[in-house]
Amino acid sequence: MRGSFPFRAAKVSLRGGTPPARSPWRGGGWPAAGIGLLLLFPLSSPDAFLLDVFTTGFLLAAFAASWDVVGGVSGQITLGHALPFGVAAYACALLTTLAGWPLPLAVAAAVLLAAAAGLGIGALSAPLAGPFVALLTLALGEIAHEAAVGHTFFSGPGGYAWGGEGGIPVALPWRDAAPFPSYYAALAFLCLASFGMLRFSRSGAGLILRAVEGSPITALASGVPVARFKRMAFAVGSAFAGAAGAGFVVHVGRATATDLSLELSFQAATFAAVGGRGTIVGPVVAALVLHVLFRALSLPPSARVLLYALTLLVVLRFFPGGVAGTARDLASRRAGKEGGRPPRPGGRNRNGDEAP
Amino acid sequence: MTVNRGSPFRRHRPLFGTAALALSLFFSAFPPAPGAAAELPDTLTIGVLAPLSGPYAAGGTSFVQAATLAVEQANAEGGVFGRRVTIAVGDTQGRVDVAKSEALRLVSREKVSGLVGAYLSEETVGVMEVAAAHRKVLLVPVAATAEITDLVRREYARYRYVFRVGYSLPQWAEMIAAFLSDRKVRRYAFVGAGIRWNLELGETLERFAVPKGISPSYSAWYSPGNPAFDTVAVAAAASSPDIVILADPGRNSVSFLKRLRESAPALPVLSVGGALGDARLAASVPLSAPVYVQAAAWRGVSTAATAYVDRYERRYGATPVGYSDTLPYDAVTVLVAAWRKAGTVESDAVVPVLERGTFPGVAGEYRFDPDHQARWGTGPGALRGSIVRWEPGGARIVYPPR
Amino acid sequence: MASPLPQVLLDGLFAGGTYALMAAGMALILGVVKVINLSHGAFFTLGAYVAYALAGRGVGSPLAAAPLAAVIAFAFGVFLGKSFVNPVRSHPFALPVGTLACALLFEQAAQLVWGPHPLSIEAGAPWIGPGGLVVRRWGAVAFLSSAALLGCLKRVLSSRPGLPLRLIAEDEEIAGSLGMDVEAIRYLTFGAACAMAAAAGALLSPSGAVTPTMGRAPLLLSLVVVIVAGMESVAAIFLLSIGLGVFGNACAWLLSPQWSYVALLAAVCLLLAARPAGIVATAGRRD
């Protein structure tokens with residue numbers, strides 16, 4: 001695969017830092033340590049609140065990683081990633097509550113629907129580039145949000161109106177989810193999903209996507225079906241987003257219009273910017289750290305929002321490539337010095353060329 | 001690829017570094033274990049859940065302000081069993097996942113003895129789940145959805161701790177219809193944001209109004225995200241109603257009213273409550289035709305109401321709007337009174353007291369029906385609410401007539 | 001009582017004027033500084049609060065508040081440009097996210113200073129035109145100011161003073177090698193664009209309620225205009241803004257007010273599907 005493109009192999013490699021044949025866990029001391037700590041954390045007897053914060057944090061981290069598949073690996077900045085998340089959430093809720101499906105079947109259908117939605121979005125945005133993709137996905141996300149807020153069922157099962165901004169409940173087989181099983185289930189989901197997304201990003205398809213992002217014209221000239229790969233990226237990213245959405249709605253118990261909101265879409269992009277676009281692991285860590293810190297520290301609301309915004313500004317000012325992105329660049333520069341090789345390019349300038 | 005050189009420790013420096021950093025984060029970043037919180041053993045805590053950031057911060061802020069006032073009043077009366085009452089606030093941000101999470105925090109960390117909240121319907125249903133699971137009494141001041149009382153009715157054993165202090169949608173519609181009939185209205189236009197409870201209120205109002213010979217001449221909804229005020233205002237005025245009923249409690253109601261006044265300066269407007277209850281906002285709108293606002297209570301409707309409004313004004317420098325502040329005030333008052341009557345804060349003992357008793361509040365005497373809904377409406381002994389009319393000097397109560 | 005449809009279309013014209021005012025500043029930033037500025041809505045809000053503060057002190061006319069709002073916003077904009085936008089410019093993704101964080105910061109600060117409750121300034125009585133057509137005072141102001149602003153912008157850009165801006169928009173390296181202080185021009189342009197947004201906010205403040213998050217909806221629509229119309233043609237920006245305003249109101253009237261926003265967004269999607277590179281045909285870019 002690597003030798004078959006006529007354009008510079010340097011562009012193709014290896015922003016992830018590893019050749020595709022190696023396991024994604026090479027250089028994975030960090031994630032392993034993190035997972036270990038998270039596995040052991042409940043043993044320190046935290047209260048139910050903290051466990052709940054971590055549980056939602058894991059699900060949002062998976063959502064952030066799924067954004068990175070589309071916006072980072074494939075380079076299509078999407079501002080409507082809440083759409084597959086919310087579609088899966090609503091599908092889960094509607095199928096269990098109105099259609100009476102069992103939960104596992106509803107979750108599976110929800111993920112498939114989210115992937116299909118992603119495929120549709122990908123098909124619409126494949127001919128577009130840059131800010132137009134962002135605009136289109138934003139518009140589609142807002143349409144979905146408006147549809148969810150404005151559509152009310154007047155003859156729900158309870159005899160009163162359903163839907164709209166109030167959302168739709170999920171018919172769960174349990175009454176109140178126990179905090180420890182939820183925590184571990186969400187953690188397991190996050191690990192599996194991240195592993196899957198990392199493998200995708202380092203697979204042949206992932207490399208092609210990165211190459212397409214680098215120079216679509218060259219990829220086209222090489223005979224790569226650019227549109228197909230772009231759609232695939234959207235489908236994969238949306239499938240994982242849908243899985244996160246289904247998990248989220250099962251944990252919370254209700255699908256509401258905020259699951260389709262612009263704020264949620266922006267949040268995914270924010271986590272990716274802070275964590276490091278294209279690294280998959282970066283957005284996961286950023287999402288988890290930011291979410292847990294700003295919920296678990298019970299700050300007064302105005303202080304919380306101010307501090308959050310300031311944190312974002314400071315991190316982006318001094319780590320504009322994201323924390324993981326900057327760390328990776330530092331590591332590759334140091335590896336370059338040790339091995340006597342020229343330092344790896346750290347970023348791109350506006351024309352898409354590598355920085356000198 | 002480069003070959004990793006150096007000692008194992010040096011090689012895995014990132015690993016150890018991460019572990020050390022993470023451990024220090026865990027042990028320093030999180031608050032101390034519950035119990036070490038600043039909570040004296042002789043204090044009773046009420047958990048208050050309301051949105052203090054996000055799009056509903058205005059309503060949530062009044063909510064918390066009124067709740068604070070209510071516990072201050074309770075303490076001024078000697079507290080409960082000689083113990084001081086305080087509130088612990090959870091910011092729900094207008095989202096159900098945050099509302100549940102904050103409710104969990106209040107229950108498991110702040111060790112609250114009762115809950116008051118939330119603001120939005122979906123938040124409230126989420127909080128109900130937490131209250132039911134942890135058996136805490138929950139008083140709902142403002143969320144109007146039937147889902148709440150329906151859950152109490154269908155699964156009484158689980159949700160019996162939940163009581164709604166504010167009016168339900170049918171009660172709301174009943175009170176509006178009574179006012180319309182009193183004003184001899186024949187045709188009304190109903191407009192609001194295209195959200196579920198506005199739509200439901202419109203439908204319910206029609207059910208109450210039509211038997212009284214009052215019918216809607218026009219009803220329309222605008223999108224809350226990008227409201228088409230112009231079209232709705234123009235069309236509403238063009239349908240020649242006797243009054244326009246504005247169901248939006250938020251800031252869009254002011255924009256809509258301004259737009260309507262430009263097209264139809266002589267058309268009376270009834271706001272179902274919320275932002276237009278704010279005197280400063282009402283002062284900026286032309287009063288060429290009556291602007292009525294519905295409220296749970298207003299200064300002058302009773303001595304308790306006047307005392308409350310005066311205290312609120314002294315404390316916060318603004319008059320309450322009569323909905324998102326008065327109802328939470330009454331919710332806290334009712335909870336405290338129920339504790340005193342039951343002689344304990346144990347939820348299982350407080351529930352029957354709430355079910356059977358009468359509790360005086362700013363809006364009147366609160367009694368709950370079998371679905372744990374406070375009795376509002378036009379029947380005997382029901383809480384009536386107030387409808388005021390804005391005038392250059394302030395607001396005058398026009399309904400119910402004294 | 002005027003016939004409803006012309007009234008509604010006139011109002012759409014005025015709504016379009018609002019978008020055009022915001023889009024002007026955004027297009028300037030996108031063209032010269034090459035940045036998508038998501039804090040533009042926050043500067044709009046700043047202008048509205050300045051107008052409210054002045055109204056509280058007896059200066060009721062937003063026309064008087066607009067210059068003051070512009071000056072304050074210019075100062076903030078230059079500060080933001082120097083401290084954040086210029087250093088982070090080379091990372092085209094981090095920058096919009098950063099400006100978004102800045103907007104969040106400002107919204108929260110506004111909430112702390114003025115409270116979360118909606119505030120309101122008295123709008124003057126409207127003028128009644130022929131056939132009973134209601135001409136909203138501040139709607140007309142928005143429309144006329146946007147036309148004036150965009151006209152000025154076009155004049156400036158096509159004359160000598162605008163040359164540095166066009167050169168920077170075209171090719172920064174050449175501009176730098178000609179001895180222009182590109183960095184300074186960038187943050188000054190950023191400041192000027194923010195001043196425009198604040199002036200817009202001040203002029204439009206009487207039309208509705210003033211809240212900390214009031215800038216979000218205009219930001220979104222002006223973003224749509226700027227991306228679809230591109231930055232090449234000022235006329236395209238103006239026409240597209242007006243078009244969106246009129247189209248939105250027409251949809252609300254002919255279809256349903258509840259779904260007019262959805263119709264607007266769907267129209268944008270269709271436009272993008274039909275013309276994937278925006279509505280203005282641009283000359284081929286050098287790769």
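This report walks through the chain contacts, the nonpolar core, the domains of chain B and a few backbone oddities. Keep in mind that the whole thing is a predicted model.

**Where the chains meet**

Let's start with chain A, which touches both of its partners. On the side facing chain B, the contact takes 40 residues from chain A and 41 from chain B. Several helices of chain A put at least two residues each into that side: α2 (29-40), α3 (48-73), α6, α12 (281-296), α13 and α14 (323-339). Of these, α3(A) has the largest share, with 6 residues.

Turn to chain C and the count is 35 residues of chain A against 34 residues of chain C. Here the elements of chain A giving two or more residues are α6 (131-150), α11 (262-275) and α13 (301-318). The top contributor is α6(A), with 11 residues.

Here is how the residues split by class on the two sides of chain A, along with one side from inside chain B.

| Side | Nonpolar | Polar | Charged |
|---|---|---|---|
| Chain A, touching chain B | 17 residues | 15 residues | 8 residues |
| Chain A, touching chain C | 24 residues | 6 residues | 5 residues |
| Domain 1 of chain B, touching domain 2 of chain B | 5 residues | 6 residues | no residues |

**Helix packing and the core**

Inside chain A, helix α5 (residues 103-125) packs on helix α10 (residues 226-252) at an angle of about 145°, and the axes are 7 Å apart. The crossing of α5(A) and α10(A) is right-handed. As for what lines that contact, you get 17 nonpolar, 6 polar and 2 charged residues.

The largest nonpolar core holds 377 residues, and the members that touch the most others are A64(A), C92(A), A198(C) and I237(C). The biggest share of this core, 18 residues, comes from α3(A), the helix that also gives the most to the side of chain A touching chain B. Chain B joins in as well: the core draws at least three residues from each of its domain 1 and domain 2.

What does A198(C) touch, leaving aside residues up to four places away in sequence? Its contacts are F43(C), F44(C), L46(C), G47(C), A69(C), A70(C), I72(C) and A73(C).

**Chain B up close**

Chain B has 15 helices and 14 strands, and 60% of its 402 residues count as buried. Among its contacts between residues at least 6 apart in sequence, 66% join residues at least 24 apart.

The domain assignment splits chain B into domain 1 (43-167 + 307-366) and domain 2 (170-295 + 385-399). Their centres, taken over C-alpha atoms, are separated by 28 Å. Across the boundary, 11 residues of domain 1 are in contact with 10 residues of domain 2.

**Backbone oddities**

Two cis peptide bonds in chain B deserve a look. One joins G117(B) and A118(B), with omega about -15°; A118(B) sits in the loop between β3 (114-116) and α5 (121-134). Another joins Y399(B) and P400(B), with omega about -5°, and P400(B) falls in the segment after β14 (394-399).

Then there are positive phi values outside glycine. S45(A) has phi of about 45° and lies in the loop between α2 and α3 of chain A. K184(B) has phi near 60°, and its spot is the loop between α8 (169-182) and β6 (187-193) of chain B.

Are these two buried or exposed? S45(A) counts as exposed because it has 8 C-beta neighbours inside 10 Å, and the cut-off for exposed is 12 or fewer. K184(B) also has 8 such neighbours inside 10 Å, so K184(B) counts as exposed too.

Notes. Residues are numbered from 1 along each chain as its sequence is written. Chains are lettered from A and ligands numbered from 1 in the order in which they are written. This is a predicted model: local features need pLDDT of at least 70, side-chain atom pairs count only at pLDDT 80 or more; totals for chains, interfaces and linings use all residues. Two residues are in contact if their C-beta atoms, placed from the backbone, lie within 7 Å. Helices (H or I, at least four residues) and strands (E, at least two) are DSSP runs, numbered from the N terminus. Ala, Val, Leu, Ile, Met, Phe, Trp, Tyr, Cys and Pro count as nonpolar, Asp, Glu, Lys and Arg as charged, and the others, Gly among them, as polar. Axes are lines fitted to C-alpha atoms, for helices over the stretch in contact, and angles run from 0 to 180 degrees between N-to-C directions. A crossing is left-handed if the near helix is turned anticlockwise from the far one by less than a right angle, and right-handed if clockwise. A nonpolar core is a set of buried Ala, Val, Leu, Ile, Met, Phe, Trp, Tyr and Cys residues joined through C-beta atoms within 7 Å. A residue is buried if 20 or more other C-beta atoms lie within 10 Å of its own, exposed if 12 or fewer, and partly exposed in between; C-beta atoms are placed from the backbone. Domain bounds come from an automatic or database domain assignment.
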